[in-house]
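Let's take a walk through this model, one neighbourhood at a time. Keep the structure open and follow along.

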Amino acid sequence: MVELTCEVFQHIHLQFSQKGFSKMPMYQPATTWREGDPKLVVGCGTQILDLETVVKDGILGGGGGIICGGGGGGGGEKLDLKEMIEELESSVEVPSVFICPISLEPMQDPVTLCSGQTYERSNILKWFSLGHLTCPTTMQELWDDSVTPNRTLHQLIHTWFSQKYLALKKRSEDVQGRVLELLDSLKKVKGQARVQSLKDLRHIVITHSSAKKMVVDNGGVALISSLLGSFTSHAVGSEAVGILVNLDLNSELKKNLIQPTRISLIADILNEGSIETKINCTKFFKMLIVGEDLKTEDVSSLSLLVGLLRMVKDQRHPNGVTAGLSLLRTLCSNEPIRKQLVSIGAVAKLGGTLSNLNTDCLESALYILDVLSSLPEGRLALKNCEDTIRNLVKLLMKVSEICTQFALSILWAVFKLAPEECAVLAVEAGLAAKLLLVIQSGCNPELKQRSAELLKLCSLNYPDSIFISKCKLTRTIQ
């Protein structure tokens, strides 16, 4: 039987009132205990207050469920409160009346002081051991340093966490059963029924981390991969990819996914799917490449590269731009792919987006252009893109030092190819003044040296007086 004292219950009432539960009944001494009833029943005039009602009716945010006899374990075995708190604390919002005011963590052994305030036993005893004889919350002096176990609050805490824990375990068991059911149905159903099964499985995998392991451990990867073939509809392919990118796959499973028909299908889906599907496809390709001993050309194709450039160009979806640039940055480490990118107009397309990108995306785009400028055909494409050169000049000393570094590197590569033609275009865009800013800034010495060399190269195409005017210097600096 749970001991209930007037002081303890009044304290709980005070805590509830502070949380806005003004209608919670005050304690009245008449208490009854019915034989065989596992619940604590407190007579409050014409009202009855018990632990199940407190939790079930939402006073402590319980939200329904059964209350197990003796505080929570089904079948009589009491659940360990510490273990339940550790498992649930990060995933549920714990009622404030269960929180120790000292540690701000759920109480496992609540005790009450003569002031009426309740604390975790270990925390308040440590407070006393430091020489304090005051209540930490109210700072009033205590006439008695003894602590009284708050059994009622402990019962409430245990009941609330037991309910949440059992509900979590039940959901987990339900999830596992549902995963197995969906995997089994995928072996049998076709058409729209197959699409729906894949949608349901994708939703479960995204919302329940335990489902990911269930899919992998029960052969789900091989089963879902087998659905990706030459005649697979894009609806099925989109959902299958949405599942695969959310699983933790080892090297062997990844290698089994790399088949020409599958790669070709997913590249087509990337070109034609929704923005969510496009992003999932980019994650799929990057998942196959990153951290694995795989050749990037095994997963790349012209269709994929075209689709990625379209994603980058579509400024309506910033997440798509980020995903597209991220995969392009990974792919362009391969020289044949760099040549393919140049051949399909990547230089002009990336150059045209520079003024609209955020810092992270801008760094990726400049990195790709810098890599492409290492190719003769890449430098030629840059020379023919006047807007790209103007955009590069504008970025100097404007966004970040990394962006300035990439922009200078690209401009240097183009200037070496056609110094006279590019110098005039760049200086007219304000390059000379920007280079002087770099030289006078706190940038690293390499950037300053590169800026000085570019400045000298630019000056060779102008008489001194005209070049100085292009630098937009004050009379004193001139």
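A quick convention before we start: helices here are DSSP runs of H or I with at least four residues, numbered from the N terminus. With that in hand, look at the end of α4, which is followed by G131, a residue with a positive phi near 95°. Bear in mind throughout that this is a predicted model.

Now step back into α4 itself, which covers residues 121–129. Which of its residues are buried? They are N123, I124, W127 and F128. These four cover an arc of only 140° around the axis, so they sit on the same side of α4. What do the buried residues of α4 pack against? Their partners are two strands, β4 (110–112) and β5 (118–120). Swing around to the other side of α4 and you'll find K126 and S129, both exposed.

G131 has a positive phi, and two residues that aren't glycine have one too. L104 has a phi near 60°, and you'll find L104 in the loop between α3 (81–88) and β4. L104 counts as exposed because its relative accessibility is 62%, and the cut-off for that label is over 50%. The other is M139, with a positive phi of about 65°. M139 belongs to the loop between α4 and β6 (148–149). At 49% relative accessibility, M139 is classed as partly exposed.

On to the charged pairs. How many salt bridges does the model have? The count comes to 13. Start with E276 and R202, whose closest N and O atoms are 3.2 Å apart. E276 sits in helix α12 (residues 275–289) and R202 in helix α6 (residues 191–207), so this pair ties together parts that are 74 residues apart in sequence. The two ends of the bridge get different labels: E276 is partly exposed, at 45% relative accessible area, whereas R202 is buried, at 18%.

Other salt bridges stay inside a single helix. K339 pairs with E335, with a closest N to O distance of 3.8 Å. Why are K339 and E335 about one helical turn apart? Because they are 4 residues apart in helix α15 (residues 335–343). K339 is partly exposed, with a relative accessible area of 39%, and E335 is also partly exposed, at 39%.

Helix α23 (residues 445–459) holds another such pair, E453 and R450, which are 3 residues apart, or about one turn of the helix. Their side chains meet in a salt bridge at 3.9 Å, N to O. E453 is partly exposed, with a relative accessible area of 30%, and R450 gets that label at 28%. Salt bridges can also share partners, and that is how R178, E181 and D200 become joined into one network.

Let's finish with a glycine. Is G351 buried or exposed? G351 is buried, because its relative accessible area is 1%, and buried means under 20%. You'll find G351 in helix α16 (residues 346–353). Leaving aside its neighbours within four places in sequence, G351 is in contact with L369, T388 and N391. There's also D387, 36 residues away from G351 along the chain, yet the C-alpha atoms of the two are separated by 7.3 Å.

Terms used:
Residues are numbered from 1 along each chain as its sequence is written. This is a predicted model: local features need pLDDT of at least 70, side-chain atom pairs count only at pLDDT 80 or more; totals for chains, interfaces and linings use all residues. Side-chain values use heavy atoms; hydrogens and water are left out. Buried means under 20% relative accessible area, exposed over 50%, partly exposed in between (1.4 Å probe, protein chains only). Contact means heavy atoms within 4.5 Å. A salt bridge is a side-chain nitrogen of Lys or Arg within 4 Å of a carboxyl oxygen of Asp or Glu. The arc is that of the directions from the helix axis to the C-beta atoms.
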